[in-house]
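I opened a new notebook page for this model. My plan is to look up charged pairs, then buried spots, then the surface.

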Amino acid sequence: MRLPIRRRHFLLGLAATGLAARWPKVFAESGDEPITRLIPATGEALPVIGMGTWRTFNVGSDPMLLDQREQILELFFQRGGRVVDSSPMYGSAEAVMGDLLGRLEQRDLFAATKVWTRDEGETLEAVENSEALWGVARFDLMQVHNLLGWEGHLETLQALKSQGRLRYIGVTTSHGRRHDELERIMTREPLDFVQLTYNIADRAAQNRLLPLARERGIAVIANRPFQGGRLFDRVRSQPLPAWAGEAGISSWAGFFLKFIVSHPAMTCAIPATTQLAHMRENMAALYGRLPDEAQRQRMIDHVQGL
């Protein structure tokens with residue numbers, strides 16, 4: 001699992017340079033209210049930090065790994081998280097999520113997954129299979145994964161939404177791919193959500209897609225918030241800039257996440273992790289101040305200068 005390994009190395013690097021002394025502040029509990037954004041379609045508030053499951057929850061039936069992921073999920077809910085995103089493409093992640101949700105008595109879940117099949121006649125079967133794996137009566141959000149067969153799937157998802165079997169529907173892309181096609185879909189289809197790649201190094205979406213989302217009243221979920229872990233490689237052994245605290249930032253994870261969710265079109269970012277320490281860092285970004293526009297530009301300039 002590439003991401004946690006890189007982040008562990010990053011933490012070890014901090015320890016070696018004496019910078020780990022900054023870390024207790026990262027793990028501190030916050031008494032603030034979580035930062036939320038409204039879903040334009042309904043006005044429902046969502047916490048701006050969610051959780052992805054790609055690679056991280058594909059652990060099959062290994063008892064030790066299941067227990068460890070249960071702790072991750074429990075901590076996520078304890079720190080105010082709600083949005084959990086998965087996909088049939090992520091191996092056993094949906095089945096693992098169903099197992100773990102059954103173990104946790106208290107949770108406030110916004111369940112999001114995807115339809116991932118080329119056969120546009122299998123949409124209903126795919127939705128029902130995911131419902132069975134997660135153990136949920138209906139999903140809050142069902143998305144067409146990477147625009148695969150999106151025309152047929154979206155038509156069926158719209159019908160299921162009108163029947164009350166889904167709350168919200170959307171489409172996804174990743175790695176900055178197929179933005180032209182996504183823009184056309186956003187322009188003509190009644191979407192509640194889009195999911196796309198947006199982070200401090202991959203900002204192409206802010207040129208046209210994010211303004212269009214605001215114009216069309218579409219909520220936005222950001223995937224790959226750490227650029228698959230490469231952002232941590234980029235700042236390895238580097239201290240946070242002295243002015244980071246002015247923007248409510250106390251860790252590099254918070255630096256990257258708060259850059260994303262401070263964009264006015266952004267609804268939620270979905271970092272993934274297998275480590276409790278990393279989950280604490282991620283969820284710390286749900287609280288406190290967000291950088292303003294001038295600070296966001298300063299953040300870009302700083303990372304580009306490393």
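**Salt bridges**

I looked up Arg82 and found its side chain in a salt bridge with Glu44, at 3.4 Å from N to O. The pair links distant parts of the chain, 38 residues apart. Arg82 sits in the loop between α3 (63-78) and β4 (83-85), and Glu44 in the loop between β1 (36-38) and β2 (45-47). I noted the rule: a salt bridge is a side-chain nitrogen of Lys or Arg within 4 Å of a carboxyl oxygen of Asp or Glu. Helices (H or I, at least four residues) and strands (E, at least two) are DSSP runs, numbered from the N terminus.

This is a predicted model, so I kept its rules at hand: local features need pLDDT of at least 70, side-chain atom pairs count only at pLDDT 80 or more, and totals for chains, interfaces and linings use all residues. Residues are numbered from 1 along each chain as its sequence is written, and side-chain values use heavy atoms, with hydrogens and water left out.

Are Arg82 and Glu44 buried or exposed? Arg82 is buried, with a relative accessible area of 14%. Glu44 is buried too, at 18% relative accessibility. The cut-offs I used: buried is under 20% relative accessible area, exposed is over 50%, and partly exposed is in between (1.4 Å probe, protein chains only).

I then asked which residues share a network of salt bridges with Glu44 and Arg82. They are Asp108, Asp140 and Arg167. The count for salt bridges comes to 18.

Next I checked Asp192. It forms a salt bridge with Lys161, the closest N and O atoms being 2.9 Å apart. This pair also links distant parts of the chain, 31 residues apart. Asp192 is in the loop between α7 (179-188) and β8 (193-197), while Lys161 is in helix α6 (residues 150-162). Asp192 is buried at 5% relative accessibility, but Lys161 is partly exposed at 31%.

One more pair went into my notes. Arg236 and Asp233 meet through their side chains in a salt bridge of 2.8 Å, N to O. Arg236 is partly exposed at 34%, and Asp233 is partly exposed at 26%.

**A buried lysine**

I moved to Lys114 in strand β5. Its relative accessibility is 1%, so I logged Lys114 as buried. What does its side chain touch? I found a polar contact with the side chain of Asp85 at 2.6 Å, and another with the side chain of Tyr90 at 3.2 Å. A polar contact is a pair of N or O atoms within 3.5 Å; within protein, one must be able to donate a hydrogen and the other to accept it, and residues adjacent in sequence count only if both atoms are side-chain atoms.

**Helix α10**

How many residues of α10 (residues 252-261) are buried? I read off 10 of its 10. Among them are Trp252, Phe255, Phe256 and Lys258. Ser251 caps the N-terminal end of α10, with a side-chain oxygen 3.4 Å from the backbone nitrogen of Ala253.

**Out to the exposed side**

I ended with Arg214 in helix α8 (residues 209-216). Arg214 is exposed, with a relative accessible area of 54%. Its C-alpha atom and that of Met266 are 9.0 Å apart, though the two residues are 52 apart along the chain.
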